Each structure stands twice: as structure tokens, then as C-alpha cells.
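Thank you all for making time this morning. I would like to walk you through one structure, and I will ask you to keep it on the screen while I talk.

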Amino acid sequence: MPGVRVVSLVPSLTEAVAETVPGALVGATDWCSHPAGLDVLGVTRIGGTKNPSLSAIEALVPDLVIANEEENRPADVAALRAAGLEVLVTEVRGLDQAFRELSRVLTACGGPPRPRWLERAEEVWRDLPPPGHRRRAAVPVWRKPWMVLGRDTFAGDLLRRLGVDNAYATHAERYPRIPLDELRTADLDLVVLPDEPYRFTAEDGPEAFPGLPAALVSGRHLTWYGPSLAEAPRVLGAALGAGRR
């Protein structure tokens with residue numbers, strides 16, 4: 001389907017489409033940081049993932065808008081569809097599902113369903129050696145209030161494959177608020193601190209967990225489903241290893 005005009009409301013899907021179907025993207029969110037140079041390529045910024053500009057999207061006359069059921073608000077998806085736009089909504093709660101949804105998105109955008117980078121990502125994760133040992137961790141994604149990964153999350157699945165078991169994987173909520181006192185007494189081996197959505201750093205995060213090893217990890221490699229998946233096991237594995245002490 002050549003010549004498809006695509007607006008992406010999901011940063012990781014923006015990267016996947018830009019990498020696979022050059023020229024298809026006409027609009028992306030303010031948070032779409034990869035690949036570099038989208039603005040130079042003429043991709044229009046249409047607002048945030050949670051507050052996209054309907055008028056800006058309509059003005060681009062897209063053939064397809066791609067969204068995600070977790071990252072984008074149902075009200076925005078409904079408004080886009082009410083305006084007569086086709087919206088493809090993805091659901092990604094695990095690695096295998098991510099691979100399937102990426103193929104679906106790329107096909108809808110006029111690209112190959114399994115480009116080389118996607119094949120490589122599948123190979124890398126399929127051939128991942130079993131972890132030497134397992135560790136129990138909490139994975140904060142926000143503070144003030146503290147929020148962590150709960151049940152049924154893509155990031156939790158990646159960590160599990162790398163030998164890190166999410167202490168809140170059976171919680172009733174997907175992103176529960178957990179008081180810091182509870183986190184500190186949760187019988188953890190490790191705390192995993194990504195740099196998005198909250199930007200945890202060496203100076204902002206580890207100090208809240210005195211005596212507990214902290215692994216500072218790349219949010220893009222932990223939470224994005226796109227070309228970064230091919231290098232994610234290596235990048236995350238190194239960061240998780242550095243968290244031992």
C-alpha cells in the first residue's frame with residue numbers, strides 16, 4: 001500500500017515506522033524522540049501522547065493514525081474516529097504480543113511485516129540464554145507518589161526473561177501506587193529505576209532505598225517496542241548487572 005500517510009501517537013511505533021517505511025510518517029507526538037531528525041524530515045508535531053491536537057492531525061490528512069490502548073486516551077481515539085480518521089489501536093502487554101503488533105502496524109503502513117530489524121530482535125530474544133540466577137525487584141515508574149510496575153506489563157515481561165522477577169507482578173493493578181515504606185520492606189534483591197516516564201538518575205531515586213542495590217536502566221530499552229528491542233537484552237543486561245553490589 002504505497003503512499004500511506006501515517007500519524008503516530010506512540011513514540012516506539014514512530015521509530016518502527018520511520019525505520020521501516022521511510023516517508024510514510026507525516027505526524028508524530030512531541031515525545032517521539034527516535035529516530036533523530038524527524039523535524040528535518042518534515043514530520044509535524046501534533047502534541048503529546050495524552051493531549052494530541054485533533055485539528056493538527058486532521059490537517060495532515062492521514063490515511064492512518066496509530067495508537068496504543070495504554071499510552072493514548074480512549075477519548076482521543078474516539079474523537080479521531082468521529083472525525084472520520086482510521087485509527088489502529090495496538091495492545092502490547094508482553095514481548096510476543098509486541099512482535100505480533102509490530103508486524104500488524106508495519107503492514108498497515110505499507111511496509112514489510114517482518115523487516116530485518118524485527119527478525120533480528122526476535123532472534124536475539126529467542127536465543128537468550130537462561131538467567132544464571134533470579135532476583136526479586138520493584139520497578140518504580142514514578143515518584144510523588146511512588147508508582148511501580150504491576151501485573152501484565154511489557155516491561156515486566158522483558159525483565160522476567162532477563163532473570164528479574166517483578167515483586168508486584170500479581171498486584172490487582174497494572175501500575176499500583178505503593179507507599180515508600182512498603183517498598184523498603186518488600187523483601188527485594190534489587191530496585192530497577194528506568195529513566196522514563198519518570199527520569200530516575202544516580203542522584204534521584206537510589207537514595208530512597210538505602211542498602212538496596214539499584215539498577216539505572218534505559219526506559220527506551222525497557223518500555224519501547226521497536227528497533228531498540230534488538231539491543232535491549234545487551235543494554236538492559238549490562239545495567240542490571242551493574243546494579244549488583
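I will go through the sheet and its helices, then a covered helix, the aromatic rings, the salt bridges and finally the cysteines.

Please keep in mind throughout that this is a predicted model, and that the values I quote are computed from it.

Let me begin with the sheet, which is open and is formed by 5 strands in the order β3-β2-β1-β4-β5, with parallel pairing. The edges are taken by β3, residues 44–45, and β5, residues 87–90, and because each of these has a single partner strand, one side of each is left without a neighbour in the sheet. If you look at β5 and its partner β4, residues 64–68, you will find that they pair in the parallel sense over 4 bridges, and that Val65 has Val87 in β5 as its bridge partner.

Two helices can be described with reference to these strands. Helix α1, residues 11–20, lies across β1, β2, β4 and β5, and runs at about 165° to β2. Helix α4, residues 95–108, lies across β4 and β5, and its angle is again given as about 165°, in this case to β5.

Now to helix α6, residues 154–161, which is mostly covered, with 6 of its 8 residues buried. Those buried residues are Phe154, Ala155, Gly156, Asp157, Leu158 and Leu159, and what they pack against is a set of elements made up of α4, α5, β9, α8 and α9. Just after α6 there is a backbone detail that you may want to look at, namely that Gly163 takes a positive phi of about 95°.

One of the elements I have just named, α8, spans residues 219–223 and holds Arg220. Is Arg220 buried or exposed? With a relative accessible area of 15%, Arg220 is buried, and once its neighbours within four places in sequence are left aside, it is in contact with Glu15, His34, Asp195, Glu196, Ser228 and Glu231.

Let me turn to the aromatic rings, of which the structure holds 5 pairs. Trp146 and Phe200 form a stacked pair, with 5.9 Å from centre to centre and 15° between the planes. This pair links distant parts of the chain, since Trp146 sits in the loop between β7 and β8 and Phe200 in the loop between β10 and β11, 54 residues apart. Both Trp146 and Phe200 are buried, Phe200 at 3% relative accessibility. Phe200 also pairs with Tyr198, where the ring centres are 4.6 Å apart and the planes stand at 50°, so this second pair counts as tilted. Tyr198 is buried as well, with a relative accessible area of 18%. Taken together, ring pairs link Trp142, Trp146, Tyr198, Phe200 and Phe209 into a cluster.

The next topic is charge pairing. How many salt bridges does the structure hold? The count is 22, and I will pick out three of them.

In one, Arg143 and Glu207 meet through their side chains at 3.0 Å, N to O. Arg143 lies in the loop between β7 and β8 and Glu207 in the loop between β10 and β11, so the pair ties together parts that are 64 residues apart in sequence. Arg143 counts as buried at 14% relative accessibility, whereas Glu207, at 44%, counts as partly exposed.

In another, Arg134 and Asp165 have their closest N and O atoms 2.8 Å apart. Here too the pair links distant parts of the chain, with Arg134 in the loop between α5 and β6 and Asp165 in strand β9, 31 residues apart. Arg134 is partly exposed, at 40% relative accessible area, and Asp165 is likewise partly exposed, at 29%.

The third joins the side chains of Arg116 and Glu123 at 3.3 Å, N to O, with Glu123 partly exposed at 25%. Salt bridges that share partners join Arg114, Arg116, Glu119, Arg120, Glu122 and Glu123 into one network.

Finally, the cysteines. A search of the whole structure finds 0 disulfides, so why does Cys32 not form one? The closest cysteine sulfur to that of Cys32 is in Cys109, 13 Å away, which is too far for a bond, given a cut-off of 2.5 Å. Both residues are nevertheless buried, Cys32 with a relative accessible area of 2% and Cys109 with 1%.

Note on methods. Residues are numbered from 1 along each chain as its sequence is written. This is a predicted model: local features need pLDDT of at least 70, side-chain atom pairs count only at pLDDT 80 or more; totals for chains, interfaces and linings use all residues. Side-chain values use heavy atoms; hydrogens and water are left out. A salt bridge is a side-chain nitrogen of Lys or Arg within 4 Å of a carboxyl oxygen of Asp or Glu. Buried means under 20% relative accessible area, exposed over 50%, partly exposed in between (1.4 Å probe, protein chains only). Contact means heavy atoms within 4.5 Å. Two strands pair if DSSP finds at least two bridges between them. Axes are lines fitted to C-alpha atoms, for helices over the stretch in contact, and angles run from 0 to 180 degrees between N-to-C directions. Rings of Phe, Tyr and Trp (its six-membered ring) pair if their centres lie within 6.5 Å; planes under 30 degrees apart count as stacked, over 60 as edge-to-face and the rest as tilted.
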